[in-house]
Protein chains: 2
Amino acid sequence: MNDSSTKKVAMTGAPAARRGRGRRPVAEVRSDVLTTAARLLLEEGLRAVTFERIARESGASKTTLYKWWPSPGALAAEAYFTQSRPHLEFPDTGDLRADLVAQLTSFTRLMTDGGAGKPISELIGAAQMDSDLAEAWSRTYALPRRELARRRLTAAQRAGQLRAEADLDIIIDQLWGACYHRLLVLKVPLADLDVERLVAHTLYGVR
Amino acid sequence: MNDSSTKKVAMTGAPAARRGRGRRPVAEVRSDVLTTAARLLLEEGLRAVTFERIARESGASKTTLYKWWPSPGALAAEAYFTQSRPHLEFPDTGDLRADLVAQLTSFTRLMTDGGAGKPISELIGAAQMDSDLAEAWSRTYALPRRELARRRLTAAQRAGQLRAEADLDIIIDQLWGACYHRLLVLKVPLADLDVERLVAHTLYGVR
């Protein structure tokens with residue numbers, strides 16, 4: 001997974017440099033903070049995500065950061081949700097199989113070529129020993145992402161492309177869980193996962 | 001997941017107290033060390049697994065531990081594989097569906113009622129920031145477990161119970177990845193996962 005350090009995800013530009021003392025709109029400060037946190041997470045890893053550095057590089061005060069987020073990890077989780085969202089859209093072309101392949105391909109590319117695999121593994125890893133971070137990660141990233149997947153699968157079920165009695169949460173566990181299984185548990189290259197086969201196996205079975 | 005602290009896994013008895021200076025057979029020392037490490041991991045969590053405590057409680061010398069394992073985490077990973085193995089057997093009754101349900105039920109019970117969910121999450125979590133531990137976990141636990149699953153699925157494929165072109169590694173990712181997805185990523189109770197449905201979805205698909 002070390003080649004993740006060479007090709008970096010292009011999704012996080014630095015926020016416009018704004019160090020003036022004039023009061024900025026809250027939404028703008030918040031957006032700059034999230035952009036800065038996501039950039040630090042994805043470019044330098046979880047250890048670089050400190051309130052000290054985010055304050056310095058976003059122009060927000062540390063007091064503001066402490067007021068808005070319980071910990072740098074919680075901020076990193078929300079930042080990753082916000083910044084990755086455009087890259088992890090669920091297409092709806094009406095063709096469920098093609099749409100799942102497209103979304104999972106974007107996801108695995110973000111993790112491999114995009115360089116997100118290592119920092120996101122670190123973030124999920126840190127959440128296993130820190131119940132506040134686990135709560136923030138689950139609430140601001142993992143469960144909202146599951147909700148987006150549910151919506152696409154619900155549309156497919158209504159369109160008769162999934163059996164009425166299919167359990168959508170289990171389908172989500174099978175698809176994205178397969179990716180995380182290689183990334184976090186087996187520690188084998190996610191790039192070797194054949195996403196088209198994963199989707200075909202999940203939709204059509206293996207008997 | 002906090003109820004994992006009340007009902008403890010019964011798989012790790014304390015090794016027989018042996019503090020005498022007489023030289024014990026290497027295999028016996030090794031076995032006592034693994035039993036002690038697994039007990040500390042499962043009863044008290046990853047932070048309790050130190051060479052200091054394992055030496056004190058197993059009767060092995062710290063020098064021996066440093067010689068045999070690169071780190072306490074690496075020892076914990078091997079200890080967990082050894083101690084969990086009898087609980088995670090792959091039955092082969094000839095009925096693939098029933099056998100997968102039985103094995104995954106044992107696995108999810110070990111994680112929930114057995115109390116292994118929290119310490120194993122901690123161990124996998126720590127592996128995300130520690131490449132030596134990641135290597136030890138993958139080599140001594142995750143990949144050997146995958147190999148055992150592959151053997152059962154290969155037998156099923158030979159018996160015509162899985163399509164010849166089915167990708168066995170993807171099936172493994174779908175089944176156990178689904179469990180780890182809830183445990184590590186979503187942070188929702190694994191006990192709510194309907195294992196029979198997971199197996200049925202994986203074998204027969206959802207179209």
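How many helices and how many strands are there in chain A? I counted nine helices and zero strands in chain A, where a helix is a DSSP run of H or I with at least four residues and a strand a run of E with at least two, numbered from the N terminus. The model I am reading is predicted, so I note that local features need pLDDT of at least 70, that side-chain atom pairs count only at pLDDT 80 or more, and that totals for chains, interfaces and linings use all residues. Residues are numbered from 1 along each chain as its sequence is written, chains are lettered from A and ligands numbered from 1 in the order in which they are written, and side-chain values use heavy atoms, with hydrogens and water left out.

**Entry 1. Chain A overall**

I read chain A along the sequence and got the pattern α-α-α-α-α-α-α-α-α. Chain A has 207 residues, and 57% of them are buried. For burial I used relative accessible area: buried is under 20%, exposed is over 50%, and partly exposed is in between (1.4 Å probe, protein chains only). I then looked at contacts in chain A with a separation of 6 or more, and 65% of these are between residues 24 or more positions apart. Contact here means heavy atoms within 4.5 Å.

**Entry 2. The interface of chain B and chain A**

I looked up the contacts between the chains and found 50 residues of chain B touching 50 residues of chain A. The two chains bury about 4,800 Å² between them, and 58% of that is on carbon and sulfur atoms. Buried area is the accessible area (1.4 Å probe) that two parts lose on being put together, summed over both.

Polar contacts across the interface come to 32 residue pairs, both residues at pLDDT 80 or more. A polar contact is a pair of N or O atoms within 3.5 Å; within protein, one must be able to donate a hydrogen and the other to accept it, and residues adjacent in sequence count only if both atoms are side-chain atoms.

Which helices of chain B each supply at least two residues of the side that touches chain A? I listed helix 6 (117–127), helix 7 (131–158), helix 8 (168–186) and helix 9 (195–204). Helix 8 of chain B gives the largest share of that side, 16 residues. By residue type, the side of chain B that touches chain A has 26 nonpolar, 11 polar and 13 charged residues. In this count Ala, Val, Leu, Ile, Met, Phe, Trp, Tyr, Cys and Pro are nonpolar, Asp, Glu, Lys and Arg are charged, and the others, Gly among them, are polar.

**Entry 3. A:Thr202**

I found A:Thr202 in helix 9 (residues 195–204) of chain A. Is A:Thr202 buried or exposed? A:Thr202 has a relative accessible area of 1%, so I entered it as buried. Its side chain makes a polar contact of 2.8 Å with the side chain of B:Gln174. Apart from neighbours within four places in sequence, A:Thr202 is in contact with residues of chain B including B:His201, B:Gly205 and B:Val206, and with A:Ile171, A:Gln174 and A:Leu175.

**Entry 4. Salt bridges**

I searched the whole structure and got 32 salt bridges over all chains. The rule asks for a side-chain nitrogen of Lys or Arg within 4 Å of a carboxyl oxygen of Asp or Glu. Four salt bridges cross the interface of chain B and chain A. One salt bridge joins B:Asp173 and A:Arg182, at 2.5 Å from N to O.

Within chain A, A:Arg30 and A:Glu78 form a salt bridge with their closest N and O atoms 3.0 Å apart. This pair links distant parts of the chain, 48 residues apart: A:Arg30 is in helix 1 (residues 26–44) and A:Glu78 in helix 4 (residues 72–84). A:Arg30 is partly exposed at 29%, whereas A:Glu78 is buried at 18%.

A:Glu135 and A:Arg139 meet in a salt bridge at 2.7 Å, N to O. Both lie in helix 7 (residues 131–158) of chain A, four residues apart, about one turn of the helix.

**Entry 5. B:Ser58 and cysteines**

I placed B:Ser58 in helix 2 (residues 51–58) of chain B and entered it as buried at 4% relative accessibility. A polar atom of its side chain lies 2.7 Å from the backbone oxygen of B:Ile54.

I found zero disulfides over all chains, taking a disulfide as a pair of cysteine sulfur atoms within 2.5 Å. A:Cys179 is buried at 1% relative accessibility, and B:Cys179 is buried at 1%.
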